[in-house]
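Colleague: I should like to learn how to read the features of a structural model, one at a time. May we take them in turn?

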Amino acid sequence: MANISFCELRRKEVINLRDGARLGAVCDLEVDLCSIVVPGPPKMWGLLKSDEELVIPFCKINKIGDDVILVDIML
């Protein structure tokens with residue numbers, strides 16, 4: 001399946017293959033979150049961005065607040 005945005009997905013009608021019933025258009029999306037990805041630590045005293053990414057498993061997330069996500073990882 002190709003990448004598709006939520007805006008594109010919510011315009012689509014959902015049809016049941018068993019009986020052909022129209023179930024309606026997509027109105028919301030549920031995602032099972034496995035991990036979050038953040039940029040890796042900067043290089044050269046913070047002057048250059050890292051080429052690496054840091055993958056943080058969802059089980060290491062302690063709290064998701066309005067402005068920040070608190071994680072418990074060892075770097």
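The dialogue below goes through the fold, the strand pairs, the surface and some single residues.

Modeller: Please keep in mind throughout that this is a predicted model.

Colleague: Let us begin with the overall layout. How many helices and strands does the protein have, and in which order do the elements run from the N terminus?

Modeller: The secondary structure consists of one helix and six strands. Read from the N terminus, the order is α-β-β-β-β-β-β.

Colleague: How is the pairing of strands to be read, for instance for strand E1 and E2?

Modeller: One looks for the bridges between two strands and for the sense in which the strands run. Strand E1, residues 13-15, pairs with E2 in the antiparallel sense, over three bridges. Within this pair, Val-14 stands opposite Gly-24 of E2. The two strands form a hairpin with six residues between them. In the turn, Gly-20 has a positive phi of about 75 degrees.

Colleague: And in which sense do strand E5 and strand E6 pair?

Modeller: Strand E5 (residues 61-64) and strand E6 (residues 69-71) are paired in the antiparallel sense, with three bridges. Here Lys-63 has Leu-70 in E6 as its bridge partner. The hairpin joining E5 to E6 passes through four residues.

Colleague: I turn to charged side chains. What is the general idea behind a salt bridge?

Modeller: Side chains of opposite charge can pair when their charged atoms come close.

Colleague: How many salt bridges are found in the whole structure, and which side chains meet?

Modeller: The search of the whole structure finds one salt bridge. It joins the side chains of Glu-13 and Arg-22, at 3.6 Å from N to O. Glu-13 counts as partly exposed because its relative accessible area is 39%. Arg-22 has a relative accessible area of 63%, so Arg-22 is classed as exposed.

Colleague: A biochemist will also ask about cysteines. How many disulfides does the search find?

Modeller: The search of the whole structure finds zero disulfides. As for the exposure of cysteines, Cys-7 has a relative accessible area of 48% and is therefore partly exposed. Cys-59 has a value of 66%, which means that Cys-59 is exposed.

Colleague: What share of the residues in the protein is buried?

Modeller: Of the 75 residues in the protein, 7% are buried. The accessible surface comes to about 7300 Å², and 56% of that surface belongs to carbon and sulfur atoms.

Colleague: May we examine a single residue in that way? Is Ile-56 buried or exposed?

Modeller: Ile-56 is buried, because its relative accessible area is 5% and the limit for burial is under 20%. The residue belongs to strand E4, residues 53-57. Neighbours within four places in sequence aside, Ile-56 is in contact with Ser-35, Ile-36, Val-38, Val-71 and Ile-73. Val-38, one of these, is 18 residues away in sequence from Ile-56, and 7.9 Å away in space from C-alpha to C-alpha.

Colleague: Val-71 appears among those contacts. Why is Val-71 counted as partly exposed?

Modeller: Val-71 is found in strand E6. Its relative accessibility is 33%, so Val-71 counts as partly exposed. Val-71 also belongs to a nonpolar surface patch of about 650 Å², together with Leu-33, Phe-58, Ile-64, Ile-69, Ile-73 and Leu-75.

Colleague: Where is Leu-29 found, and which residues does Leu-29 touch?

Modeller: Leu-29 is found in the loop between strand E2 (22-25) and strand E3 (35-39). Residues up to four places away in sequence are not counted, and on that basis Leu-29 touches Phe-6 and Leu-9. Leu-29 and Leu-9 are separated by 20 residues in sequence and by 9.3 Å in space, C-alpha to C-alpha. With a relative accessible area of 45%, Leu-29 is therefore partly exposed.

Colleague: Finally, what share of the contacts with a separation of 6 or more comes from residues 24 or more positions apart?

Modeller: Such residues account for 6% of those contacts in the protein.

Technical notes
Residues are numbered from 1 along each chain as its sequence is written. This is a predicted model: local features need pLDDT of at least 70, side-chain atom pairs count only at pLDDT 80 or more; totals for chains, interfaces and linings use all residues. Side-chain values use heavy atoms; hydrogens and water are left out. Two strands pair if DSSP finds at least two bridges between them. Buried means under 20% relative accessible area, exposed over 50%, partly exposed in between (1.4 Å probe, protein chains only). Contact means heavy atoms within 4.5 Å. Accessible areas come from the Shrake-Rupley method with a 1.4 Å probe; for residues, only the protein chains shown count as cover. Patches are made of residues with over 30% relative accessible area and no salt bridge: like charges are joined within 9 Å, nonpolar side chains (Val, Leu, Ile, Met, Phe, Trp, Tyr) within 5 Å. A salt bridge is a side-chain nitrogen of Lys or Arg within 4 Å of a carboxyl oxygen of Asp or Glu. A disulfide is a pair of cysteine sulfur atoms within 2.5 Å.
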